[in-house]
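Trainee: Could you take me through one helix of this protein in close detail, and then set it against the fold as a whole? I would like to follow the reasoning step by step.

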Amino acid sequence: MTIVMYHYVHELAGQGFVKLVGRTYDEFQGQLDYLERRFTIVTPEQFIDAVKGRCALPANACMLTFDDGYRIHYSVVFKALRERGLAGFFFPPARPVLEPSVLDVHKIHFTLASTAGAAEVARQLCDWLEMNAVAFSLQPVASYKAAYAKASRFDPAEVVFVKRMLQKGLPDAVRTAAVDALFRNLSGYDEALLSEALYLRAHEIAEMVDSGMYVGAHGYDHRWLDTLTVAEQERELDLSLSFLEDVGAPTENWIMCYPYGGQDPLLLDGLRRRGCVAGLTTEVAVADIGRYDPLLLPRLDTNDLPLHRDG
C-alpha cells in the first residue's frame, strides 16, 4: 500500500500562510487526479481490517495522510476529499487545538520563513548559544554544527542545523528558551493570534470525524517521542487518547502517527497496551502490510509522487 504524507496545503490565489512549504491548491488537486487514476484510495475501515488480518487490501491501495492539524485541512483538504467521495487520515497534535499556543515545530517554521532568511536565523541561533553557554552548560557551537549541520533530502545544511538543534539537539528548557527568543525576535507573529488562524478547532475535527474522515493521534506536544522518558511517553499517549475521545475519534483500534517519525521499543510497548493498531513513520517506502510491523509502516512524501492535473 502506498501511504502518502501531506502537511500544509495552500488555499487558492496565494491565500493563507504562503511562506510555509507545502502543496499549492492546484498541485494538491492535480495529485488527487493522478492518485485516483492509478490507485484505490482506501477507507479507514479497509485499512484497519487489513492490518488486523480480516481482509486483503484492494489492488494498488493508497492511503492519504495529513499531519500537524492545520486549519487548512478543514477549509481546503476536507472539502476537496468530500467532493470526490474520498476519505483522509488526519493527525492533529492536541495542544494547539486546546490551547492558544503554537508548537515549537511551527515556531521554527515561521522563524525560518521570515524575511531575515535562514542564514540569519542560523547566525542568531549561534549567537544565542554563545551568549547562554555558561548559564546552560552548553557545548561549543562548533560541536553542535558538526553534529547537526548536514543537508537532508529537502533542506540545506543551515536549515537542518536550526531545525535539529531546536527540535531535539538541546535540553528541553534550553530548546524552549531558544525557540521562543528567535520566534519573538524574527517571526513577526503574535503567538495566540497565529495559533487561532493556523490550527484546527475541536468542532471542526468533530465534523470531519462525523463525515467519515479518520482522526488519529499525533502526540500532545508534537515532540520527538524517542527522546522522552517512559513516563513522558505515557503522558503523551494518555493525553492524546483523551483528546481523541473528546473530539469523537476512535480510541479502539486507533492509529498513531509519530511526530518527526520518532519512536522506540518502549513507546511501541505502550502503544500495544493501549490498543493501537497501526503506527505511521517517516521511513520512505511503500508499505507491505504482510512484511512490516503494523506499528512501523513507512510512507511516501507527496514530493515523491508525480503531479498531474486532468485535462
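Mentor: What follows looks at helix α6, then at ring pairs around it, and last at the whole chain. Please keep in mind throughout that this is a predicted model.

Helix α6 runs over residues 118-131, and its 14 residues reach 20 Å from the first C-alpha to the last, close to the 20 Å expected at 1.5 Å a residue. Within α6, the buried residues are Ala118, Val121, Ala122, Leu125, Cys126, Trp128 and Leu129. These residues cover an arc of only 160° around the axis, which puts them on the same side of α6. On the face turned away from that buried side, α6 carries the exposed residues Glu130 and Met131. As for what covers the buried residues of α6, the list includes α5 (104-112), α7 (133-136), α8 (141-148), α9 (157-169) and α10 (172-187).

Aromatic rings add to this picture, and the count for the protein comes to 12 aromatic pairs. One of them joins Phe110 and Tyr189 edge-to-face, with 5.0 Å centre to centre and 70° between the planes. Because Phe110 lies in helix α5 while Tyr189 lies in the loop between α10 and α11 (191-198), the pair ties together parts that are 79 residues apart in sequence. The two partners can be described by their accessibility: Phe110 is buried, with a relative accessible area of 4%, whereas Tyr189 is partly exposed at 37%. Another pair involves α6 itself, through its buried residue Trp128: the rings of Trp128 and Phe136 have their centres 5.9 Å apart and their planes at 25°, and since planes under 30 degrees apart count as stacked, the pair is stacked. Here Trp128 has a relative accessible area of 12% and is therefore buried, while Phe136, at 32% relative accessibility, counts as partly exposed. Ring pairs also link Tyr6, Phe28, Phe66 and Phe90 into a cluster.

Turning to the whole, the protein has 14 helices and 10 strands. Its radius of gyration is 19 Å, close to the 19 Å that the globule rule gives for 311 residues, so the protein is as compact as a globular protein of that length. Taken along the principal axes, the C-alpha atoms fill a box of roughly 60 × 45 × 35 Å. Of the 311 residues, 53% count as buried, and among contacts between residues at least 6 apart in sequence, 66% join residues at least 24 apart. The accessible surface comes to about 13400 Å², of which 51% belongs to carbon and sulfur atoms.

Note on methods
Residues are numbered from 1 along each chain as its sequence is written. This is a predicted model: local features need pLDDT of at least 70, side-chain atom pairs count only at pLDDT 80 or more; totals for chains, interfaces and linings use all residues. Side-chain values use heavy atoms; hydrogens and water are left out. Helices (H or I, at least four residues) and strands (E, at least two) are DSSP runs, numbered from the N terminus. The expected span of a helix is 1.5 Å times one less than its number of residues. Buried means under 20% relative accessible area, exposed over 50%, partly exposed in between (1.4 Å probe, protein chains only). The arc is that of the directions from the helix axis to the C-beta atoms. Contact means heavy atoms within 4.5 Å. The radius of gyration is taken over C-alpha atoms; the globule rule is 2.2 Å times the number of residues to the power 0.38. Accessible areas come from the Shrake-Rupley method with a 1.4 Å probe; for residues, only the protein chains shown count as cover. Rings of Phe, Tyr and Trp (its six-membered ring) pair if their centres lie within 6.5 Å; planes under 30 degrees apart count as stacked, over 60 as edge-to-face and the rest as tilted.
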